[in-house]
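Please explain how the parts of this protein chain are arranged, taking one helix as the point of departure and then following the charged pairs, buried residues and unusual backbone geometry.

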Amino acid sequence: MRIIFAGTPEFARVALAQLHAAGFEIPLVLTQPDRPAGRGMKLQAPSVKQFALEKHIPVAQPRSLRLDGKYPEDAAAARLAIEAAQADAMVVAAYGLILPQWVLGTPRLGCFNIHASLLPRWRGAAPIHRAIEAGDTETGITIMQMDAGLDTGDMLLVEKLAILPADTTGTLHDRLATLGGHLVVEALELAACGGLTRVRQPDQGITYAHKIEKHEAMIDWTLGAAVIERRIRAFNPFPGAAGLLAGEPVKFWLASVLPGYPVSEGALPGQVLAAGPQGMDIATGEGVLRAVRLQKAGGKALDVAEFLRGFALQPGMVFQGSPGKIS
């Protein structure tokens, strides 16, 4: 079976590697253009492109696939490449470009999407982050037959995966990426012999995983400790939950909720109640959060004992932007 693959980040690279290892013929890979990254802001090739070049697979990097859009010359060149590939199917994983109808209809078997949620929950750009942030106890992979909507296509294969209490977006991403690659290989093998059954998504339970914005990283200490703890895990590794203390930005990488911790009347949300080798205890709108792994601007992520050796912190200090007293 001949497969066009469209994807960009590490999540997609894992799936491409599994398809390649399974022996599928891959005449073309589509991925996003190289972009500046890192401290030097040098152009960096996407993970998918790096893998494709290592395996000598042809790569196209159109800025758009819309023939009537901003970059019609890119779309026209991509169309020639896609048609020339004569693919049986296209596999799409975290590609980052909307596929117009001419793309969806070109492969004989259509386009299969690897989506990191149990559709119709968490359609959209950031399903892993939003599942952790919401406190979901399970997620999974849905292999979907793509249509013109936003993750609205028929489901082909679904497999669940537990969200562990300590999962971050980083750890959950890695398990889902592996599962996604395994499941899309299975889906294509079934498609080759006509063994796939399309199931329409339910009309109930639809939620949207909106793109993570950098401003969301700033912790709102008036929220409850459990909500903040989930956000810390959801925003690890990107964009990293943060607060301002004594004018310095501090990122939070690991924390826990301290049930039954006594909070003095009049304590401010964001106020440091205690700090020691076991953690930094911070008042919130409901309960106390113990931060155990932190990072100063320009520094490394450190366990709290080491962090405190380089940060003049005293109980009573308050993370900036924490309005109101705790009643």
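In this predicted model, the cover over the buried residues of helix 3 includes strand 1 (2-7), strand 2 (25-30), strand 6 (89-93) and helix 4 (101-104). Helix 3 itself runs over residues 72-85, and its 14 residues reach 20 Å from the first C-alpha to the last, close to the 20 Å expected at 1.5 Å a residue. The residues of helix 3 that are buried are Asp74, Ala75, Ala78, Ile82 and Ala85. Viewed down the axis of helix 3, these buried residues fall within an arc of 90 degrees, so they line one face of the helix. The face turned away from that buried side carries Leu80 and Ala84, which are exposed.

Helix 3 also holds a charged pair. Side chains of opposite charge can pair when their charged atoms come close. Glu83 and Arg79 meet through their side chains in a salt bridge, at 3.2 Å from N to O. Both residues lie in helix 3, four residues apart, which is about one turn of the helix. Glu83 is partly exposed, with a relative accessible area of 40%, and Arg79 also counts as partly exposed, at 31% relative accessibility.

Just after helix 3, the backbone at Gln86 takes a positive phi of about 50 degrees. Gln86 is a residue other than glycine with a positive phi, and its place is in the loop between helix 3 and strand 6. At 61% relative accessibility, Gln86 counts as exposed, because the threshold for that class is over 50%.

A second positive phi in a residue other than glycine is found at Asp151, where the value is near 55 degrees. Asp151 sits in the loop between strand 9 and strand 10. Its relative accessibility is 12%, so Asp151 counts as buried, the limit being under 20%. The loop between strand 9 (138-145) and strand 10 (155-162) is also the place of Leu150. On the surface, Leu150 forms a nonpolar patch with Ile206 and Tyr208, and together they have about 270 Å² of accessible area.

The salt bridge in helix 3 can now be set beside others. A search of the whole structure finds 19 salt bridges. In one of them, Arg290 pairs with Asp281, the closest N and O atoms being 2.7 Å apart. Arg290 and Asp281 are both buried. Another salt bridge joins the side chains of Arg293 and Asp303, at 2.8 Å from N to O. This pair links distant parts of the chain, with Arg293 in strand 16 (residues 288-296) and Asp303 in strand 17 (residues 302-303), 10 residues apart. Arg293 counts as partly exposed at 29% relative accessibility, and Asp303 is partly exposed with a relative accessible area of 45%. Elsewhere, Arg130, Glu133, Glu216 and Arg231 are joined into one network by salt bridges that share partners.

Two threonines show how buried positions connect separate parts of the chain. Thr139 lies in strand 9 and is buried, with a relative accessible area of 4%. Leaving aside residues up to four places away in sequence, Thr139 touches Ala116, Ser117, Leu118, Glu159, Lys160, Leu161, Ile163, Leu172 and Leu176. Thr168 lies in the loop between strand 10 and helix 6 (169-192). At 12% relative accessibility, Thr168 counts as buried. With residues up to four places away in sequence again left out, Thr168 touches Ile132, Arg233 and Asn236.

Asn236, one of the residues touched by Thr168, leads to a further backbone feature. The peptide bond from Asn236 to Pro237 is cis, with omega near 20 degrees. Pro237 is found in the loop between helix 7 (225-234) and strand 12 (241-245). The peptide bond from Phe238 to Pro239 is likewise cis, with omega near 0 degrees. Pro239 is also found in the loop between helix 7 and strand 12.

Definitions and conventions: Residues are numbered from 1 along each chain as its sequence is written. This is a predicted model: local features need pLDDT of at least 70, side-chain atom pairs count only at pLDDT 80 or more; totals for chains, interfaces and linings use all residues. Side-chain values use heavy atoms; hydrogens and water are left out. Helices (H or I, at least four residues) and strands (E, at least two) are DSSP runs, numbered from the N terminus. The expected span of a helix is 1.5 Å times one less than its number of residues. Buried means under 20% relative accessible area, exposed over 50%, partly exposed in between (1.4 Å probe, protein chains only). The arc is that of the directions from the helix axis to the C-beta atoms. Contact means heavy atoms within 4.5 Å. Patches are made of residues with over 30% relative accessible area and no salt bridge: like charges are joined within 9 Å, nonpolar side chains (Val, Leu, Ile, Met, Phe, Trp, Tyr) within 5 Å. Accessible areas come from the Shrake-Rupley method with a 1.4 Å probe; for residues, only the protein chains shown count as cover. A salt bridge is a side-chain nitrogen of Lys or Arg within 4 Å of a carboxyl oxygen of Asp or Glu.
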